[in-house]
Amino acid sequence: MKIDLHNHSKYSDGVLSVKELLNLAKEKKIDIMGLTDHDSVFGVDEAYTYGKEVGVKVLKGMELSTFHKGQTVHIVCYFKNNVIPKIKDYYKINIDEDFLFKNSCIVTRGNMYQCILHSNPDIDHTLAQQMISDDSPCYIPASKMTTEEGIKLLNNLGAFKILAHPTLIKREYLSEILDLGFDALEARYPKNKAGEEDFFKVEAKKRGMLFSAGSDFHGDDKHAMIGTSTLNYDEFKPIIDKLEIGDDF
């Protein structure tokens with residue numbers, strides 16, 4: 001069984017649409033794939049549904065962008081029961097994603113505001129503005145977020161937090177970043193240097209963390225092909241146990 005927990009689509013900076021990505025995953029004999037677009041979860045439901053059609057199970061995730069002492073730190077995260085909290089669930093409103101992404105895959109306050117009004121004719125302008133304000137419970141700042149703030153946000157959502165591509169983090173910062181409270185370390189990654197996978201596994205074990213694997217597929221020449229770095233089922237089982245998902249999702 002091949003499980004790849006770090007991949008991107010056009011909903012962030014990937015090249016392929018969700019369906020193209022799932023078709024490629026099927027071609028590469030991926031059994032379980034995580035969709036982890038940067039700071040976006042808008043493609044996960046489409047991926048999950050289409051994955052059932054093509055026979056690839058999909059974990060709904062995200063890659064949250066944070067920083068620590070000037071060092072970029074990305075957090076791949078997944079959610080219990082494979083369910084992601086959404087603004088439309090919190091406010092009990094409709095979100096027409098075709099309208100939202102009609103002109104761009106990037107979500108701004110402006111196009112979200114227009115989408116809320118378009119999708120919910122009974123909502124007035126004042127309430128729509130409140131939903132996208134800084135005080136909204138569903139608001140995540142677009143400005144830089146510290147890793148500590150990101151961990152706190154994800155803890156409030158009950159998320160499973162994986163430190164992405166630790167090989168790209170300056171080694172002098174790695175220990176203090178891990179001490180912020182991650183659940184797993186992406187120990188298996190295409191750009192690892194010799195011996196790093198074993199090193200990262202030891203670091204994870206020391207802290208009582210799990211280890212993960214991901215190809216960080218984008219579909220361009222700078223990143224690896226989907227399926228380059230994967231887990232087998234025995235390695236993946238502790239993660240789905242933590243997510244309380246079970247094998248049939």
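How many bridges join strand S3 (residues 57–68) to S4, and in which sense do the two strands run? The legends below take up this pairing and its surroundings in a predicted model.

**View 1. The pairing of S3 with S4 in the predicted model.** Strand S3, which spans residues 57–68, is joined to S4 by eight bridges, and the two strands run antiparallel. Within this pairing, Leu64 stands opposite Ile75 of S4. The two strands form a hairpin in which two residues lie between them, and Lys69, located in the turn, has a positive phi of about 55 degrees. Of the nine residues of S4, eight are buried, so this strand is largely enclosed by the rest of the structure.

**View 2. The antiparallel contact between S4 and S5.** Strand S4 (residues 71–79) pairs with S5 in the antiparallel sense, and five bridges make up this pairing. Three positions can be followed along the two strands: Phe79 stands opposite Ala159 in S5, Cys77 stands opposite Lys161 in S5, and Val76 has Ile162 of S5 as its bridge partner.

**View 3. The two faces of strand S5.** Strand S5 (residues 159–163) is mostly covered, with five of its five residues buried. On one side lie Ala159, Lys161 and Leu163, on the other Phe160 and Ile162, and because all of these residues are buried, both faces of the strand are covered. The lysine in this strand, Lys161, is thus among the buried residues, and Lys161 is also the residue that Cys77 stands opposite.

**View 4. The step from S5 to S6 and the sheet as a whole.** Strand S5 is joined to strand S6 (residues 184–188) by two bridges, and here the strands run parallel. In this pairing, Leu163 has Leu185 of S6 as its bridge partner. The open sheet to which these strands belong contains seven strands in the order S1-S2-S3-S4-S5-S6-S7, and its pairing is mixed. Its edge strands are S1 (3–4) and S7 (210–213), each of which pairs on one side only.

**View 5. A positive patch on the surface.** Four lysines, Lys2, Lys26, Lys28 and Lys29, form a positive surface patch. Among them, Lys26 lies in helix H1, which covers residues 18–27. Lys26 has a relative accessible area of 43% and is therefore classed as partly exposed, since this class lies between the limits of under 20% for buried and over 50% for exposed residues.

How values were computed. Residues are numbered from 1 along each chain as its sequence is written. This is a predicted model: local features need pLDDT of at least 70, side-chain atom pairs count only at pLDDT 80 or more; totals for chains, interfaces and linings use all residues. Side-chain values use heavy atoms; hydrogens and water are left out. Patches are made of residues with over 30% relative accessible area and no salt bridge: like charges are joined within 9 Å, nonpolar side chains (Val, Leu, Ile, Met, Phe, Trp, Tyr) within 5 Å. Accessible areas come from the Shrake-Rupley method with a 1.4 Å probe; for residues, only the protein chains shown count as cover. A salt bridge is a side-chain nitrogen of Lys or Arg within 4 Å of a carboxyl oxygen of Asp or Glu. Lys and Arg count as positive and Asp and Glu as negative; His and the chain ends are not counted. The place of a charge is taken as NZ of Lys, CZ of Arg, CG of Asp or CD of Glu. Helices (H or I, at least four residues) and strands (E, at least two) are DSSP runs, numbered from the N terminus. Buried means under 20% relative accessible area, exposed over 50%, partly exposed in between (1.4 Å probe, protein chains only). Two strands pair if DSSP finds at least two bridges between them.
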